[in-house]
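Biologist: Please take a close look at a single part of this model, starting from one residue and working outwards to the elements around it. I would like one connected account, with the cut-offs stated as you go.

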Amino acid sequence: MTVRAFSFMGDQKKVIRIRKAQQSDAVALYRLLEEAYSDRGVDYSPIDENRLMCWITTTIADGEVWVADRSGRVIGSIALIDFQFPWSANWVLINSWLYVLRNFRARGTGKKLMEAVFASADDKGGAPLVIGTHSGRDTDWKDEFIGGFGGVTYCGGTFFRPPYGQSNHE
């Protein structure tokens, strides 16, 4: 797979770099996800520190984690894992998390994370993607944001992008 890194300028002339996460990013991802879960507005499942850290490090090792890095600070991330629905022999890439700090959402950070994910899926022979958006606050914004990318179909809190080169309506 071709590893892509995107760099772009934020509002304050600091470069935001989209790159693959390393194990050394685990603590920064922990802080980011801790904020993501406290930002959702409903505390239906409290964070267990050990389990969260284990999930992050395992996902970095076994999945594909992209981070938005602004001068060494992780300000957003999306993680993909291979997933097989119980009723199908086919595999998809499904997101484990997607979160961008509120102050960086209007700067194109989420868009660049999604572009990295789409490019990565295309590098894997056009792997199908399932991107979930159902998580507490801002679900309408997330639905609008993900829905703004071409080639995705809304499926009740989840978006599906079929294998590269196939229509959503076949």
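A close look at the strands

Modeller: Glu-64 lies in strand β3, where strands (E, at least two residues) and helices (H or I, at least four) are DSSP runs numbered from the N terminus. The model is predicted, so to speak of a local feature takes a pLDDT of at least 70 and to count a side-chain atom pair takes 80 or more, while totals for chains, interfaces and linings use all residues. Residues are numbered from 1 along each chain as its sequence is written, and side-chain values use heavy atoms, with hydrogens and water left out.

Glu-64 has a relative accessibility of 3% and therefore counts as buried (under 20% relative accessible area; exposed is over 50% and partly exposed in between, with a 1.4 Å probe and protein chains only). In sequence Glu-64 and Ile-81 are 17 residues apart, yet their C-alpha atoms are 6.4 Å apart in space.

A step further on is Ala-79, which has its place in strand β4 and, at 0% relative accessibility, is buried. Setting aside neighbours within four places in sequence, Ala-79 is in contact (heavy atoms within 4.5 Å) with Thr-59, Glu-64, Val-65, Ile-94, Asn-95, Ser-96 and Trp-97, so Glu-64 itself is among the partners of Ala-79. Between Ala-79 and Ile-131 the separation is 52 residues in sequence and 10.0 Å in space, C-alpha to C-alpha.

Strands β4 and β5 form a hairpin that has six residues between them. They run antiparallel and are joined by nine bridges, whereas the rule for pairing is that DSSP finds at least two bridges between two strands. One of the residues concerned is Leu-80, whose bridge partner in β5 is Asn-95; Asn-95 is also in the list of residues that Ala-79 touches.

Strand β5 deserves a separate word, because eight of its 10 residues are buried, so that β5 is largely enclosed by the rest of the structure. Besides its antiparallel pairing with β4, β5 (residues 91–100) pairs in the parallel sense with β6 (residues 129–132), over two bridges. In this parallel pairing Ile-94 stands opposite Val-130 of β6. The route from β5 to β6 passes through helix α3 (residues 109–123), and this β-α-β crossover is right-handed, which means that, with the strands pointing away from the viewer, the path from the first strand over the helix to the second runs clockwise.

These elements also meet in the largest nonpolar core, which has 36 residues and in which Leu-29, Ile-56 and Val-65 have the most contacts. Such a core is a set of buried Ala, Val, Leu, Ile, Met, Phe, Trp, Tyr and Cys residues joined through side-chain atoms within 4.5 Å. At least two core residues come from each of β2 (15–20), α1 (26–39), α2 (49–62), β3 (64–70), β4 (73–84), β5, α3 and β6. Val-65, one of the residues with the most contacts inside the core, is again a partner of Ala-79. For Ile-56, leaving aside neighbours within four places in sequence, the contacts are Ala-26, Leu-29, Tyr-30, Leu-33 and Trp-97. Trp-97 thus appears on the contact list of Ile-56 as well as on that of Ala-79. As a general background, nonpolar side chains in soluble globular proteins tend to be buried together.

To place this part within the whole, the chain has four helices and eight strands, which follow one another along the sequence in the pattern β-β-α-α-β-β-β-α-β-α-β-β. Of the 170 residues of the chain, 42% count as buried, Glu-64 and Ala-79 being two residues described above. Taking contacts in the chain between residues at least 6 apart in sequence, 62% of them join residues at least 24 apart.
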